[in-house]
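Hi,

Here is the structure we talked about. Have a look at it first, and then read on for what turned up.

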Amino acid sequence: MDKKKKNNTGVKTKMPKFNIYWMYAILLAFLAGIFYLDDNTMTKPLDTIDQFEEAVKNGYMDKIIVYSNKHEAEGILSQAGAEATFSPEQVKRHTGTASVTVRFGDTQSFEKKIEYWKSQGWFKGQLKYENPSDYSHILWTFGPMVLFIAVWIYFMRRMSGRSGDGPGGVFSVGKSKAQMFDKDSADKVTFKDVAGLSEAKTEIEEIVEFLKNPQRYTELGGKIPKGALLVGPPGTGKTMLAKAVAGEADVPFFSMSGSDFVEMFVGVGASRVRDLFRQAKEKAPCIVFIDEIDAVGRARGKNPNMGANDERENTLNQLLTEMDGFGSNSGVIILAATNRADILDKALLRAGRFDRQIYVDLPDLNDRVAIFNVHLRNKKVEPGLDIELLARQTPGFSGADIANVTNEAALIAARHNKKQIERQDFIDAVDRIIGGLEKRSKILTDEEKKAIAVHEAGHATISWHLRYANPLIKVTIVPRGKALGAAWYLPEERQITPTQAILDEMCATLGGRAAEELFLGRISTGAANDLERVTKQAYAMVVYYGMSENLPNLSYYDSTGQSYGFSKPYSDERAKMIDHEVSRIIAEQYERAKQLLQDKAEGHGRLAEVLLNREVIFTEDVEKIFGKRQWTSRTDEILHAAENQTPPPFEPSDPSEPAPEPEA
């Protein structure tokens with residue numbers, strides 16, 4: 001923690017943190033000061049007064065300084081005197097003054113000599129008397145060394161922590177870096193702030209009951225769980241859920257990242273683990289939360305480092321010891337979060353350490369509606385906003401993604417000087433996050449625009465006529481992000497996907513390439529992303545799901561996360577069969593897409609023309625050309641319910657051109 005000091009206004013100001021580089025800067029400044037304080041003089045002591053008098057007689061003295069209390073005289077030499085007294089190398093090296101000194105016995109006798117030198121005309125310079133203190137001489141002689149030693153001792157005490165626990169101390173690196181949030185913290189989080197995650201909250205609320213009423217369980221002989229592991233994709237709210245547990249239980253909450261344990265110094269990680277659990281036991285009952293625990297909890301022995309000492313493994317060993325060391329009813333509960341539970345050490349996951357694994361999945365439709373409601377509480381939105389439609393337009397979005405959507409919508413509304421956030425702002429925000437920013441400045445030729453319109457119209461046409469294809473929302477040929485065109489759909493959220501649904505999706509994805517071949521007579525690189533998706537889906541059908549006709553009921557997917565190394569779990573002959581099956585499935589769906597486009601060629605042409613003229617089409621435009629979809633779903637019902645809020649259907653830009661009629 002930073003040290004704080006109150007100023008005259010009573011406001012706490014942060015003191016600067018100590019840094020080891022300060023010492024080097026001060027030492028350099030000290031050495032530079034000694035260099036500049038040196039007056040760069042040359043001084044030569046003389047043995048007798050006669051030698052001093054000889055220099056005066058030769059006219060070498062510009063100035064004589066008499067130190068009465070020291071019985072010493074100093075003569076400042078002229079340039080000729082310096083050259084006669086010192087060697088040429090010394091004169092060339094030193095650019096300051098040159099002087100000679102001599103000791104004398106009686107001050108009055110020496111003064112008479114000076115008067116004699118003046119009367120003879122030998123000395124015409126300045127005569128000065130000084131009585132310097134002996135202490136100043138001692139200070140200039142030993143002062144720099146004393147100051148240097150004092151500065152060194154100060155920094156050594158700061159580094160060792162004897163003059164205070166400096167945050168940058170070398171010997172304080174073993175202290176835990178955990179941040180503690182108690183019940184009086186300003187950023188307290190409760191379950192009301194965590195939307196969705198209903199199943200995860202139900203399971204983790206029991207931990208809150210353990211902390212609130214431990215006697216209720218211990219009286220019956222039960223033991224409080226020692227730890228719970230939150231597993232799930234990034235952005236699903238694992239950290240927020242752990243903070244909500246601490247907020248609901250009103251207990252101290254220690255938060256630390258797994259990477260905070262690892263340092264370049266040997267033994268630091270284990271020392272921080274010991275210090276963390278020591279603090280936790282002092283604050284019990286409390287919660288210790290370790291975020292991204294896979295940074296320190298990775299399975300041991302996977303990559304042995306030629307027998308060398310592995311600091312991460314030592315830290316993990318200490319963590320295992322501490323989790324299994326304190327008493328079962330001590331009131332300290334360990335929460336950890338990771339999105340890579342498959343690589344964690346098995347000793348860390350055994351019962352008695354992390355007794356429970358709570359899976360925090362991506363939110364479903366109802367959870368996304370709840371998350372939207374939470375993030376829209378403090379935002380000015382238009383009345384009657386259809387939140388369920390927004391939730392259906394964001395399938396696969398995590399809680400962090402939805403928070404980003406609401407914030408982006410607010411920024412878009414403010415950019416257009418609106419007083420409230422409208423539905424179109426949310427749609428634009430989703431488009432911005434998924435597809436990227438529109439690039440209307442990108443120059444496209446008429447031939448390229450036509451190819452893009454034919455391609456996107458192919459996707460829209462096929463998806464409209466297939467049962468399991470996702471309902472269309474919008475198609476655009478305006479470049480966005482890396483794509484030259486894009487289509488938005490509302491996918492059905494299925495728990496189980498039948499074979500025909502995957503095939504329909506592959507057929508719709510191949511519709512763009514098929515339309516190019518049929519109606520343009522050539523193909524382009526615009527279908528690269530489509531082909532990549534289709535190839536992955538086909539391989540998944542054959543290798544993972546066992547949906548191939550010639551290779552049924554086989555799966556080479558390893559759910560344990562253990563890799564096969566350099567060997568494949570099947571032979572070369574089987575690999576050829578897999579490649580043949582993948583090629584067959586893709587070829588069949590491509591021919592199916594071409595046949596469907598040939599049957600709907602007239603409607604496809606009109607749809608491509610609409611895209612060329614307007615650059616964007618919506619559900620009602622496709623419905624105006626092809627008629628209503630034969631297969632309806634919950635998504636279709638929501639789209640029709642929101643029809644009065646969608647932009648108006650296509651109108652031709654040329655008044656003389658008749659509007660397209662719906663296909664019979």
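Which residue's side chain meets that of Asp504 in a salt bridge? The partner is Arg592, with 2.8 Å from N to O. Keep in mind that this is a predicted model, so please read everything below in that light.

That pair is a good place to start, since it ties together distant parts of the chain. Asp504 sits in helix α18 (residues 499–509) and Arg592 in helix α21, with the two positions 88 residues apart. The two ends of the bridge also differ in how much cover they have. Asp504 has a relative accessibility of 2%, so it counts as buried. Arg592 comes out at 28%, which means it is partly exposed.

Staying in α21, there is a second salt bridge to look at. Lys594 pairs with Glu591, and their closest N and O atoms are 3.9 Å apart. This one is a local affair: both residues belong to helix α21 and are 3 residues apart, about one turn of the helix. Is Lys594 buried or exposed? It is buried, at 14% relative accessible area; the cut-off for that label is under 20%. Glu591, at 46%, counts as partly exposed.

Helix α21 (residues 572–599) also packs against another helix, α17 (residues 446–465). Their axes come within 10 Å of each other and cross at roughly 90°. Angles of 65 to 115 degrees count as roughly perpendicular, and α17 and α21 are therefore roughly perpendicular to each other. If you want to click through the contact, α17 brings Gly458, Thr461, Ile462 and His465, while α21 brings Ala593, Leu596 and Leu597. Sorted by class, that makes 4 nonpolar and 3 polar residues, with no charged ones in the contact.

A few more salt bridges are worth a click. Arg614 and Asp621 form one, with 3.3 Å between the closest N and O atoms. Here Arg614 is partly exposed at 23% relative accessible area, whereas Asp621 is buried at 4%. Elsewhere, Asp275, Arg278 and Glu282 are joined in a network of salt bridges. How many salt bridges does the structure hold? The count is 14.

One more residue to find on screen is Leu389, which lies in helix α14 (residues 387–392). Leu389 has a relative accessible area of 1%, so it is buried. From its C-alpha atom to that of Val369 is 9.0 Å, and the two residues are 20 apart along the chain.

Now for the overall picture. The protein chain has 664 residues, of which 41% count as buried. In terms of secondary structure, there are 24 helices and 16 strands. If you take the contacts between residues at least 6 apart in sequence, 75% of them join residues at least 24 apart. As for the surface, the chain exposes about 37100 Å², and carbon and sulfur atoms supply 52% of that area.

If you only have a few minutes, I'd begin with α21. That helix holds Arg592, the partner of Asp504 in α18, and it also carries the Lys594 and Glu591 pair. From there you can move on to where it crosses α17 at roughly 90°.

Cheers

Definitions and conventions. Residues numbered from 1 in each chain as written. Predicted model: local features only at pLDDT ≥ 70, side-chain atom pairs only at ≥ 80, totals over all residues. Heavy atoms only, no water. Axes fitted to C-alpha atoms, helices over the stretch in contact; angles between N-to-C directions. Helix = DSSP H or I, 4+ residues; strand = E, 2+ residues; numbered from the N terminus. Parallel < 35°, antiparallel > 145°, perpendicular 65-115°, else oblique. Contact = heavy atoms within 4.5 Å. Nonpolar A, V, L, I, M, F, W, Y, C, P; charged D, E, K, R; others polar. Salt bridge = Lys/Arg side-chain N within 4 Å of Asp/Glu carboxyl O. Buried < 20%, exposed > 50% of the residue type's maximum accessible area, 1.4 Å probe, protein only. Areas by Shrake-Rupley, 256 points an atom, 1.4 Å probe, with all protein chains shown as cover.
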